[in-house]
Amino acid sequence: MATIEQVNEKLKEFIDPYLESDLAAAHCLKDTQVDGTKATIDIELGFPHKGYEQELSDKVTALLTQLDGIDEVAVNVSSKIVIHAVQKGVQPIQGVKNIIAIASGKGGVGKSTTTVNLALALAADGARVAVLDADIYGPSMPRMLGISGKPQSEDGKSLEPMVNYDIQTMSIGFLIDDDTPMIWRGPMVTQALEQLFKDTRWKDVDYLVVDLPPGTGDVQLTLAQKIPVSGAVIVTTPQDIALLDARKGLKMFEKVNVPVLGVVENMSTHICSNCGHEERIFGEGGGKRMSEEEHVALLGTLPLDMSIRQLADDGKPTVVAEPDSRITELYTDIARKVAAKLALKARDYSNKFPKIVIKND
């Protein structure tokens with residue numbers, strides 16, 4: 001008969017692919033029980049797990065049944081997504097636990113498409129997800145998420161988010177006509193961005209994923225100084241010029257004390273739809289080099305595939321249009337890595353402390 005200590009010691013052999021550590025070291029192993037030849041394991045992940053639960057359970061079961069005296073294993077997997085620490089002096093946004101900024105130093109690297117598919121992947125795994133389109137000059141989320149119309153205001157002061165595919169969404173694109181150019185100076189843009197964040201009635205959101213415009217200008221600084229950002233993801237292509245600008249974005253977040261969760265290399269390879277020939281149009285290994293040189297994680301690589309663009313343009317991105325495809329699998333893997341990286345960051349305990357009020361009698 002195996003003991004609890006033997007079971008826990010055996011569990012240390014399993015390194016979770018998303019947490020990159022064993023379950024106990026990541027504080028995810030909540031309870032271990034042994035009753036005769038049956039072991040019961042309670043696991044609480046800090047990231048959504050709906051599509052990962054069976055795989056995790058199978059791996060833990062296969063490992064523990066190697067022990068003498070363990071013939072049956074019951075694995076109970078749950079998730080608890082908590083609020084994580086943000087920049088000092090920045091007030092939380094009501095209804096939002098964590099804000100993840102998706103950034104690139106350069107335009108045209110597929111950041112918006114990556115943003116929307118990562119958000120949909122997090123939602124498919126069981127999280128409550130919202131998307132904020134912070135690209136004031138070129139809003140694309142209404143089209144990519146297949147949403148039209150104007151947001152409602154129940155109290156005359158705040159806006160109700162638009163919803164499709166279970167994703168709460170807000171964009172300046174909902175408030176203007178498609179052919180209306182945004183001829184605004186910096187102060188107007190930053191004020192509009194703050195209002196989109198704070199005047200939207202977000203509803204119990206685990207992750208608010210923010211699609212930033214390219215560059216390191218007014219919008220990015222406003223986000224860093226006034227909006228509570230839990231972490232950032234940098235999207236780049238393997239191309240040297242894109243990597244050069246992506247590094248600037250990464251350095252900007254480091255300077256304003258926003259942790260960079262990792263790098264996504266988009267358009268890493270192209271496979272011809274006619275002949276199947278694979279070609280690295282934008283170079284090779286750029287994302288990996290950047291992750292090694294800047295000491296951040298390479299979250300994953302995505303192909304240059306015509307269907308990704310077509311489906312996003314049609315308002316039905318890959319993750320919802322082709323849920324069983326290889327590309328959706330890649331987006332899902334990256335989204336879990338993002339959530340797991342965030343889960344390992346410091347938590348925000350400010351709401352746990354009592355507020356002290358001094359009254360003069």
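Is D313 buried, exposed or partly exposed? I will start with that residue, and I should say at once that what we are looking at is a predicted model. D313 comes out as partly exposed, because its relative accessibility is 31%, and that value lies in between the limits of under 20% for buried and over 50% for exposed. The residue belongs to helix α9, which covers residues 306-313. If you turn the structure so that D313 faces you, please also find M144, since the two are 169 residues apart in sequence and yet 5.8 Å apart in space, taken from C-alpha to C-alpha.

M144 comes up again when we move to T113, which is found in helix α3, residues 111-124. T113 has a relative accessibility of 15% and therefore counts as buried. When its neighbours within four places in sequence are set aside, the residues in contact with T113 are M144, I308, A312 and Y331.

Let me step back to the chain as a whole before going into the sheet. The chain has 361 residues, and buried residues make up 51% of them. Its secondary structure comes to 11 helices and 13 strands. Of the contacts between residues at least 6 apart in sequence, 76% join residues that are at least 24 apart.

Now to the sheet, which is open and is formed by 8 strands with mixed pairing, and whose order, if you want to follow it on the screen, is β6-β7-β5-β8-β4-β9-β10-β13. The edges are taken by β6 and by β13, residues 298-301, and because each has a single partner strand, one side of each is left without a neighbour in the sheet. From one strand to the next, the twist averages 25 degrees. Further along that order, β4, which is residues 96-103, pairs with β8, residues 205-211, in the parallel sense and over 6 bridges. One pair to look for there is N98 with Y207, its bridge partner in β8.

A helix also lies across this sheet, namely α11, residues 326-343, which crosses β4, β8, β9, β10 and β13 and runs at about 170 degrees to β13.

I would like to spend a little longer on strand β7, residues 167-171. How many of its residues are buried? The count is 5 of its 5 residues, so to speak a strand that is mostly covered. The side chains alternate in direction, with I167, T169 and S171 pointing one way and Q168 and M170 the other way, and all of them are buried.

What does β7 pair with? On one hand there is β5, residues 129-133, which pairs with β7 in the parallel sense over 5 bridges, and within that pairing V131 stands opposite T169. On the other hand there is β6, residues 162-164, which runs antiparallel to β7 and is joined to it by 3 bridges. T169 appears here too, as the bridge partner of M162.

The strands β6 and β7 form a hairpin, with 2 residues between them, and the loop deserves a careful look. Y165 is found in that loop, and although Y165 is not a glycine, it has a positive phi of about 55 degrees. D166 is found in the loop between β6 and β7 as well, and its phi is near 65 degrees, again a positive value in a residue other than glycine. As for accessibility, Y165 is partly exposed, with a relative accessible area of 26%, whereas D166 counts as exposed at 69% relative accessibility.

Finally, I turn to a pair of helices, α1, residues 4-11, and α2, residues 53-64, which pack at an angle of about 125 degrees with their axes 10 Å apart. That angle makes α1 oblique to α2. The crossing in which α1 passes α2 is right-handed. On the α1 side the contact is made by V7, K10 and L11, and on the α2 side by V60, L63 and L64. Sorted by class, this contact of α1 with α2 has 5 nonpolar residues, no polar residues and 1 charged residue.

To close where I began, the residue I would ask you to keep in view is D313, partly exposed at 31% relative accessibility, with M144 5.8 Å away in space from C-alpha to C-alpha.

Methods: Residues numbered from 1 in each chain as written. Predicted model: local features only at pLDDT ≥ 70, side-chain atom pairs only at ≥ 80, totals over all residues. Heavy atoms only, no water. Buried < 20%, exposed > 50% of the residue type's maximum accessible area, 1.4 Å probe, protein only. Helix = DSSP H or I, 4+ residues; strand = E, 2+ residues; numbered from the N terminus. Pairing = 2+ DSSP bridges. Axes fitted to C-alpha atoms, helices over the stretch in contact; angles between N-to-C directions. Parallel < 35°, antiparallel > 145°, perpendicular 65-115°, else oblique. Left-handed = near helix turned anticlockwise from the far one by under 90°. Contact = heavy atoms within 4.5 Å. Nonpolar A, V, L, I, M, F, W, Y, C, P; charged D, E, K, R; others polar.
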